Every structure is written in C-alpha cells, then in structure tokens.
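Here is a quick tour of one model, with its sheets, its core and the parts to treat with care. Have the structure open as you read.

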Amino acid sequence: MTGRLVRFLIFGVIPLLVILLVLLGFSSYWTYSRFNTEVPVAELKFSRFGEDVYIAELRSGDFCFPEEFPLYGDQWQLDAAFLKWKGPGVMLGLESVYRLDRLSGRYADIREQNSRQRLSHDLRPEAWFDLFESRLLQYGDWLLDTQYGSSVFMNIDIRQRYIVYKTEDALIVKQQPLQDGRQDGNMLTIEISRACGNEPDRLSQATALINRLALRYLSW
C-alpha cells in the first residue's frame, strides 16, 4: 500500500502540481504583459496657419490615410471611449475595447479657454452597429465592468510628432522630433518613421464588408 502511494505521488500528484505551477506562472506573465501592452492608435502632426490656429494631420486605424482638421488653441486633445470587462471576460482573453471619439483644440490658460474660439471634431466611425451605443450593454453587467472615457492632451509644437497609444485602460501619448530630409553629398536621405499599415487580416476585411453592406441596405 505504501509503495502504491509513493508511486501515485511521484507519477501523479507531483507532476500535476508542477504543471499547475507552470501554468500559474505563465498566466501571471501573460496577464502582466497584456495589461502593460502599448498599442499605437493615432499619430498627429501640426502646421501653423496663424496665431493659435493650426491644421492637425491625424492618422489612425491602419495609419495609411491622413485626415486634416483645423484647430484653435495652443494645445490639442484627443478623446476616446472605453469598455472594460469583468473577471469572466478577462479570463476569456477579452481586451478592453476603445473607439476614438473627438479631436479638439484647447488653451493652456483657463481664461483663454473660457473666452476664445474653440473647435471640436467628431471622430466616431460610421457604423451600422455601435457597441458603445448598444442597449445590449444594459444586460451585460455580469461581463461589463465599466464604460468610460479617456483623454490625452499636450502643447502643440509643429516640430514634433505625437504618437497616441492605447493601454489596457487608458490613452497615453509620446512625442518624437520630426526628421527633415538630410543632404549627404549628392544624396538626399529622408527618414520614414512609420510605414503604412499591413494588409488587414481576413476577419477585419469581412467585418468591414458587413458594415458597408449593412449601412447601404439595412439602415433607414
């Protein structure tokens, strides 16, 4: 009986405990890595058109097609909506969902903010089904943790490029100096900071197609 118990412990319980410890360790590493991942979601550059008047060049999505927006102020602000999931969703591997919401200009001086001209731009994509506006969220308390907004703002500097990142629960922004073309002998060198995004995967292409068809035939 004692021999059987020893063999059971050696070949059954101990390997199982080792596997569980490995899985727990990997789970902690995966959770830490996922919650500390920074994903670029937008890039902004600015051109000056007058005193506190700028044109913002915004790239988002696949970063292939820039959009231009006029702004008033000496700062810019980007807002996004977030959905964050509860424990069951996190265990299933669901990451927080975001949607770029608004780009606007602002003033560092609160007196100017309250008295001078301001302008905001709606960045919400045209979608047949918008999860953030859906009534389904009213019945998802067991899965949905919270719905909220996150914003970033910085001083406008036409010599800088601003990269906005999505973390697990917020937006953050980092800036980089713009690189001009450099003349090296008879050769002009231009530094490209970010190439256009890769071809969308099959799932992204399919959902985009479904959205276009729904907007055309099912909206009224």
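Which residues does Leu-44 touch, not counting residues up to four places away in sequence? They are Glu-57, Leu-58, Trp-76, Leu-103, Gln-160, Arg-161, Tyr-162 and Val-164, where a contact means heavy atoms within 4.5 Å.

## Ground rules and confidence

This is a predicted model, where local features need pLDDT of at least 70 and side-chain atom pairs count only at pLDDT 80 or more, while totals for chains, interfaces and linings use all residues. Residues are numbered from 1 along each chain as its sequence is written, and side-chain values use heavy atoms, with hydrogens and water left out.

The chain has a mean pLDDT (the predictor's confidence in each residue, from 0 to 100) of 74, with 53% of its residues at 70 or more. Strand E3 has the highest confidence, at 97, and strand E11 (residues 187-189) the lowest, at a mean of 42. Two stretches call for caution: residues 181-185 are below 50, with eight contacts in the model beyond near neighbours in sequence, and residues 24-33 stay under 50, with two contacts beyond four places in sequence. Where pLDDT is low, the predicted coordinates should not be read in detail.

## The five-stranded sheet

Strands here are DSSP runs (E, at least two residues), numbered from the N terminus, and two of them pair if DSSP finds at least two bridges between them. One open sheet has five strands in the order E3-E2-E1-E8-E9, with antiparallel pairing. Its edges are E3 (67-72) and E9 (171-177), each pairing on one side only. Neighbouring strands are turned by 30° against each other on average, direction ignored; the axes behind that angle are lines fitted to C-alpha atoms, and angles run from 0 to 180 degrees between N-to-C directions.

Inside this sheet, E1 (residues 39-50) and E2 (residues 53-60) pair over eight bridges in the antiparallel sense. Ala-42 has Ser-60 as its bridge partner in E2.

## The four-stranded sheet

A second stack to trace is the open sheet E6-E5-E4-E7, which has four strands and antiparallel pairing. E6 (120-122) and E7 stand at the edges with a single partner strand each, so one side of each lacks a neighbour in the sheet. The twist from one strand to the next averages 20°.

E4 makes nine bridges with E5 and eleven with E7 (residues 144-155), antiparallel in the case of E5 and of E7. On the E5 side, Gln-75 is bridged to Arg-106 and Asp-79 stands opposite Arg-102. On the E7 side, Ala-81 has Gly-149 as its bridge partner.

E4 is largely enclosed by the rest of the structure, because eleven of its eleven residues are buried (buried means under 20% relative accessible area with a 1.4 Å probe, protein chains only). Both faces are covered, with Gln-75, Asp-79 and Leu-83 among the buried residues on one side and Trp-76, Leu-78 and Phe-82 among those on the other.

## The nonpolar core

The largest nonpolar core (buried Ala, Val, Leu, Ile, Met, Phe, Trp, Tyr and Cys residues joined through side-chain atoms within 4.5 Å) has 21 residues. Those with the most contacts inside it are Leu-44, Phe-46, Trp-76, Leu-78, Leu-103 and Val-164. E1, E2, E3, E4 (75-85), E5 (97-106) and E8 (160-166) each give two or more residues to the core.

Phe-46 sits in strand E1 and counts as buried at 5% relative accessibility. Beyond four places in sequence, its contacts include Tyr-54, Leu-71, Trp-76 and Ile-158. The C-alpha atoms of Phe-46 and Glu-57 are separated by 6.1 Å, though the two residues are eleven apart along the chain.

Methods:
Buried means under 20% relative accessible area, exposed over 50%, partly exposed in between (1.4 Å probe, protein chains only).
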